[in-house]
Amino acid sequence: MRKNHHRERGGSILILATCVLFSLAILAVAVSSYVSANINSVSWLKRNEQSYLLARSAVEYAIAETMTVTDVWYRAESESSPTSRGLGGEELILAQGSAMVYHRTVSDRDNIVTNSGLENEERRININKADRALIASLLVQATDCDAIKANSIAANVLDWRDPDTEPLDGGAENSYYAGLKSPYECRDGDFRFPEEILLVKDMTEEFFEGIRGRITVYGHGKVNVNTADPVVLMSLAHAAGSADATTMEAVVAKIENYRDAGHAFTSEGAAGILKQISSYSAVSDEERALLAKMGKRMSVGASCFRGTAVGQVGNENPATRRIEFVYDKRKRKLVYWHE
Ligand SMILES: [Ca+2]
């Protein structure tokens, strides 16, 4: 009897000890995975911070490169040769990881192209500076908007940004926006970012898709004839008015051919542009007249640059950070920064 009692006690102690050991084992596993998870997250946070700093370095490097460009006409695009390095597009390889700047553009016929380096912002039309004719022409050239509608939307764009509250012919001011089901105020000031144009009366998502890569709120307001895409060039021709389609197409083709041959326009004004084209291909009187009119909306300079800097650290599960930015060389400051 006594012996059995001892055996039962021994059994209970063994079960208890096993339970304690089992619990300790579970605790040890839990602690170790907690510690390891924390080590991993600390390590990831560190890599994340490093990749951010690398991206910032790439921004600084690209800005420094814009300072070394003395030619005002510098063609920032490298679309003619996608493998060549664009301005500020050198890959920085450091011990911790790598960083570089790239930009994406809507190319010739609506293809998205990724290029190394910076994009010249003056290849786009500045919606804070463009006149009604140019905004309407862009809508016609870049979307399926008809001319009458485009002219009305262009008036709405001008009303949105002008300080007065008196609608232009066919335009819309605060009286229209206040009467909407979900009313909002007309800006009566400059667009702060391109997407704001979606608030303008009759601007649809579809129209915006066509123009988004071709508009900006930065830069001096004239379009750089060295970097503008064919749709923007056609809009400039169209906005000049009066020329027939054949003349407009011929002028745009001659500008493109001149650039594609590796030349750049170097002097401001229609006369300089015309002189350079004439030295390369024959220009008819109609084309000459059209170029003279286009000249007032064109420049040859690049002073604003856009890019996306990407920093990356680690091979497996790399930490990646991106910074999209616009640098205004004339103002010597970053005018747009998005992380
Ligand atoms: Ca207004």
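Two residues are in contact here if their C-beta atoms, placed from the backbone, lie within 7 Å. Keep that in mind as you click around, and remember that this is a predicted model.

**Stop 1: the whole chain**

Start with everything shown as a cartoon. The chain holds nine helices and eleven strands. Of its 339 residues, 39% count as buried. If you like contact maps, here is a number to go with yours: among contacts between residues at least 6 apart in sequence, 67% join residues at least 24 apart.

**Stop 2: alanine 237 and the core**

Now select Ala237 and show what surrounds it. Leaving aside residues up to four places away in sequence, alanine 237 touches Ala243, Met248, Val251, Val252, Leu290 and Met294. The largest nonpolar core has 73 residues, and of these Leu139 and Ala237 touch the most other members. As a general backdrop, nonpolar side chains in soluble globular proteins tend to be buried together.

**Stop 3: helix α2**

Leu139 takes us to its helix, so select residues 132-142, which make up α2. Is this helix enclosed or open? Nine of the eleven residues of α2 are buried, so the helix is largely enclosed by the rest of the structure. Colour the buried ones: Arg132, Leu134, Ile135, Ala136, Ser137, Leu138, Leu139, Gln141 and Ala142. What do they pack against? Add β5 (125-126), α3, α5 (205-211) and α6 (230-239) to your selection, and you have the partners of those buried residues.

**Stop 4: α2 against α3**

Keep α2 and bring in α3, residues 147-161. The two axes come within 8 Å and cross at roughly 135 degrees. Angles over 145 degrees count as roughly antiparallel and 65 to 115 as roughly perpendicular, and α2 and α3 are therefore oblique to each other. Their crossing is right-handed. To see the contact itself, show side chains for Arg132, Ile135, Ala136, Leu139 and Val140 on α2, together with Ala147, Ala150, Asn151, Ile153, Ala154, Ala155, Val157 and Leu158 on α3. Colour this set by class and you should find eleven nonpolar residues, one polar and one charged.

**Stop 5: α2 against α6**

Hide α3 and show α6 instead. The axes of α2 and α6 come within 8 Å, crossing at roughly 130 degrees, and the two helices are therefore oblique to each other. This crossing, too, is right-handed. From α2, pick Ala133, Leu134, Ser137, Leu138, Val140, Gln141 and Ala142; from α6, pick Val231, Met234, Ser235, His238 and Ala239, which they meet. By class, this contact has eight nonpolar residues, four polar and no charged ones.

**Stop 6: serine 137**

Zoom in on Ser137, a residue of helix α2. How many other C-beta atoms lie within 10 Å of serine 137? There are 27, and serine 137 is buried. Not counting residues up to four places away in sequence, serine 137 touches Ser235, His238 and Ala239. Try a distance label to His238: the C-alpha atoms of the pair are 5.9 Å apart, although 101 residues separate them in sequence.

**Stop 7: α8 and α9**

Move on to residues 269-278, helix α8, and residues 285-294, helix α9. Their axes come within 8 Å and cross at roughly 140 degrees, and they are therefore oblique to each other. The handedness of the crossing is right-handed. Show Ala270, Ile273 and Leu274 of α8, which meet Arg288, Leu291, Ala292 and Met294 of α9. This contact comprises six nonpolar residues, no polar ones and one charged.

While you are here, select Ala271, which also sits in α8. Alanine 271 is exposed, with 12 other C-beta atoms within 10 Å. A distance label from its C-alpha to that of Gly295, 24 residues away along the chain, reads 7.9 Å.

**Stop 8: two positive phi angles**

Finish with a look at backbone torsions. Most residues other than glycine have a negative phi. Aspartate 188 has a positive phi of about 50 degrees. Find it in the loop between α4 (174-178) and α5, where aspartate 188 is partly exposed, with 14 other C-beta atoms within 10 Å.

Then jump to Arg332, whose phi is also positive, near 55 degrees. Arginine 332 is in the loop between β10 (319-328) and β11 (333-338). With 9 C-beta neighbours inside 10 Å, arginine 332 counts as exposed.

Note on methods:
Residues numbered from 1 in each chain as written. Predicted model: local features only at pLDDT ≥ 70, side-chain atom pairs only at ≥ 80, totals over all residues. Axes fitted to C-alpha atoms, helices over the stretch in contact; angles between N-to-C directions. Helix = DSSP H or I, 4+ residues; strand = E, 2+ residues; numbered from the N terminus. Parallel < 35°, antiparallel > 145°, perpendicular 65-115°, else oblique. Left-handed = near helix turned anticlockwise from the far one by under 90°. Nonpolar A, V, L, I, M, F, W, Y, C, P; charged D, E, K, R; others polar. Core = buried A, V, L, I, M, F, W, Y, C linked by C-beta atoms within 7 Å. Buried ≥ 20, exposed ≤ 12 C-beta atoms within 10 Å, placed from the backbone.
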